[in-house]
Amino acid sequence: MAADRGLVRQWLLPLLLHLVLAAALKFPPGTGALSISIRPVDNITVLIKPGPLAQAERFCRMCAGRNCFSELKIQPGNQFTFSFECPTPEKYWVLVVDRYIDCMSRHCPFEDVLLQPSGLPKLNRTFIWDVKAARKDALVLKFATWLRQVEPGDACHDQVAYKIGSRFATNTVNIGAFCRNGPVSRVKVQGEVIMTLQLPWDSKLNTSGFKIESRDSIKRLCIIESTFLSESSATLMSANYPLGFPEDELMTWQFIVPPTLRASVFFLNYTKSNCERKEQRLEYILPGYDNPEVYSLKDAQPMSIPGNFSLSLQGCDQDDQNPGAFRLLFKVDVHYPKNEDNVSFTIDLRREDMNVTIYTNTQQSGSHSENTPACSICRSTRHCGPNVTLASGDLYSIMILCHEKDIPNNVKMIAEKSLACWKSRTCQNRVFPVAVPECLLGLPVPLHRFIWKITAPEDTNIELKAPTLKLQQHIPNQDHLCRGSYSYAINGTSPGKTLTFGIYCPGGAIEKIKIRNNVTISLKTFRKGFDDAVRNQDLKLVFVPAMKEDCIFTVTPAPKSKVYLETPNWVDGLPPYMNVYWNISVPQKKIAQLQFFSERMDVTCDKAWAFVHVKEQRPNAEEISRRNDESLPRTIDMHHNFWVNISNCKPCPKKFLSLQFAVTIADRKSALAIIVGAVAGVLAVVTVIGIAVCCIKKKKKKGNPQTPMVGVYNTNVNTQLPTKPGMFKKGRKNNESHVYAVIDDTMVYGHLLDNLSGPGNAEIGVYQPFTGATSSRPPSPPPISSFRKVSKLSTTEEFSTPMTDNETYTFAHRALEPLKSNGDTHVSGNGEVDTSLLGKKELENSVL
């Protein structure tokens, strides 16, 4: 018995242990029966096949009962139970799950894509989703965990890899290979989509990580959307990389960048194909640009892009014999801006009916890389760019990403407001301020321009008033400039007709401007002191009843001032048949000197005539008029308020009407001094001539003493002519009419004085001031085709106050009167005697 026990210990126990070990090797733990069941509606096919290592059947067989298989394929609607004859089947076998999804119909599952079927063995798995869609439709794939694109062949650190492709007929295009944890948030693919997910055998991932979000129309191969939340970078590449980009295809990358960050693009590698038709190109849509910016592959790409942008790659028709390969590998680097500050402020437009645009200058350079905005303006975290437009009725928080010291030079603000009168009875004679609202003053961004668009019905005109500051006209060629911190550009905006009324600024003499057209006023700032200066602006708008005149300027010059004025539309000339009036006031006890800066109007008329009219505002005032073919008066002295009217004809091409003139206010005594000086000069000349005559007379007397006295009868000379007896009752010897006691010098030298008493020196006008009522209505111009009978002044003389027909004139005339004869009367000279047509009283009051 003991021997039997020894035999058992020696032989049976090792044998049993060997059998147990053999059984353990043949049936290892965890290799029990596995079952895969596929429903018919799932459209799923499961394929188990040998992996990349050889001899899977030798080291780890896959069997179902006594039947072993080299490959197992389970179709929809089937269930299969099997097992592996090794403890590590993941080393020898792989599993491929292929699912077909129909998105051709309306029942496309826009939902998360599941990992089906469940209960799969722990093998290296590949899930393939074949999503069928119409050729013109694009499917939007949204990823729960964003992806990072990698070059083909690169491994993902967690061995979870995605691959996206597109199929056209029999051609399949590789969109790209991706790993998890990157910026790619969406991919839009046109047509049929092939989506692949590779998972390792020990992966605990139980979801696909993406969903079919929607359909879209993109009209290109694909769109890859990358979203950056912080500083990071992404490497991206063209479809089919490193092979060539598909012929004549278009793909786009969209980048979403936070406003606090900047994006720069760097090309790492590219090659060109041989194009037969079209050109391969790059297009950027950058923030603030409406049109795409076209770049070449060799250009330096955009740097420091503020905000969202996109890049598109366009292929060409390649040469069939030598197509080449068009491919691109590039990097997008997202970083914080350098040398920038975040300047924030608010703009309250809740009570303002206006729109505001804040924009930044663009740094221009020969290189595309420097053609980027200097600053970025943000209205919200997703609305940043080089310009932002704010509509009325809301409160806005604005953030400017820029170095604070650069904001005044690089960031500007423009505002626009409309003032409209729709019904004349409700808005006529109402006063509206034309002023910059307080909400736009004192901001970090300077106001560059404020535009008022003013409209009125046909029976209503527009009047602009500046009663306190008044306006001066900006006339550069006369060195009469606006030197303040802002100016107004006033333009007419009637349909089909544009008229520039000029540039004006405060501190002049123009008190009112009445305009028949609709008006646009553009305020432009120049200096930092604008915010303080504009608070005192007093420009006002009044809607007034319609007038016949096109434009009326009311000018009230200050004493001892000079006002420069010019016709509207100075550069292009007055429009045809336009009438412009200036109502100019003359201060009391002052005189206004009107001066035109050109000798003629320099306009050639095709139809009608152009006129310049000047007339004082008093009854019976005489009107001074010049036609376009006549010389203009250089200076006219006006004692009363007066009108200046310039009316245009229909000019010939390139022969337009533009005039400039000035009004100088001076004391009346200065004008009187000029007249007195002129009279004194004339008297001085007469005195010199008189002295010269006296000297000549004395010299003749001293040089010829034997000569008988002129006018003394010489009895030694027979001066009697033969006569008939009885003709004269008293003979010459007995007639003493030829004997002169005294002969006046004027009888001898009268012919010298005749030269000083001509008509040009004899007429002296006497001014009589008018004390009656004046007229404030503009004078009506003559019909364009008529000739006006007006008095004309010489272009070479200085003009004094024009006189009316009923004013008194004084002239010195020469009259012929018969002389009484008392026999043989001798008359010297030419028989004319200077007399005056003035009465005794007038002679006493006349000015010599």
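# A viewer tour: disulfides, rings and odd backbone spots

Start by selecting cysteine 421, which is buried at 2% relative accessible area; buried means under 20%, exposed over 50% and partly exposed in between, with a 1.4 Å probe and protein chains only. Before moving on: this is a predicted model, where local features need pLDDT of at least 70, side-chain atom pairs count only at pLDDT 80 or more, and totals for chains, interfaces and linings use all residues. Residues are numbered from 1 along each chain as its sequence is written, and side-chain values use heavy atoms, with hydrogens and water left out.

**Disulfides**

Now add cysteine 427 to the selection. Cysteine 421 and cysteine 427 form a disulfide with their sulfur atoms 1.6 Å apart, where a disulfide is a pair of cysteine sulfur atoms within 2.5 Å. Cysteine 427 is buried too, at 5%. The whole structure holds eight disulfides.

Next, pick cysteine 275 and cysteine 316: another disulfide, S to S 2.0 Å. The torsion about their S-S bond is about -85 degrees, so this disulfide is left-handed. It ties together distant parts of the chain, 41 residues apart: cysteine 275 sits in strand β20 (residues 275–277), and cysteine 316 in the loop between β24 (309–314) and β25 (317–318). Strands here are DSSP runs of E, at least two residues, and helices are runs of H or I, at least four residues, numbered from the N terminus. Cysteine 275 is partly exposed at 29%, while cysteine 316 is buried at 2%.

Jump to cysteine 605 and cysteine 649, joined by a disulfide with the sulfurs 2.0 Å apart. This link is left-handed as well, with -85 degrees about the S-S bond. Cysteine 605 belongs to strand β47 (residues 605–607) and cysteine 649 to the loop between β51 (642–647) and β52, so far along the chain that the pair counts as linking distant parts, 44 residues apart. Both cysteines, 605 and 649, are buried.

**Rings**

Select Phe69, Phe80, Phe82, Phe84 and Trp93, and you have one aromatic cluster. A search of the whole structure finds 24 aromatic pairs. Zoom in on phenylalanine 84 and tryptophan 93, a tilted pair at 6.0 Å centre to centre with 45 degrees between the planes. For the terms: rings of Phe, Tyr and Trp (its six-membered ring) pair if their centres lie within 6.5 Å, and planes under 30 degrees apart count as stacked, over 60 as edge-to-face and the rest as tilted. Phenylalanine 84 is buried at 4%, and tryptophan 93 is buried at 0%.

Then go to tryptophan 609. Arginine 627 lies over its face, 3.8 Å from the ring centre; the rule is NZ of Lys or CZ of Arg within 6 Å of the ring centre and within 35 degrees of the ring normal.

**Backbone**

Most residues other than glycine have a negative phi, and most peptide bonds are trans. So where are the exceptions to look at? One is the cis bond from glutamine 116 to proline 117, with omega near -5 degrees. Proline 117 is in the loop between β8 (112–114) and β9 (124–132). Another cis bond joins tyrosine 241 and proline 242, omega about 10 degrees, with proline 242 in the loop between β17 (232–237) and β18 (250–256).

For positive phi, select glutamine 159, near 60 degrees, in the loop between β10 (138–150) and β11 (161–168). Glutamine 159 is exposed at 53%. Finish on lysine 654, whose phi is about 65 degrees; its place is the loop between β52 (650–651) and β53 (660–667), and lysine 654 is exposed at 81%.
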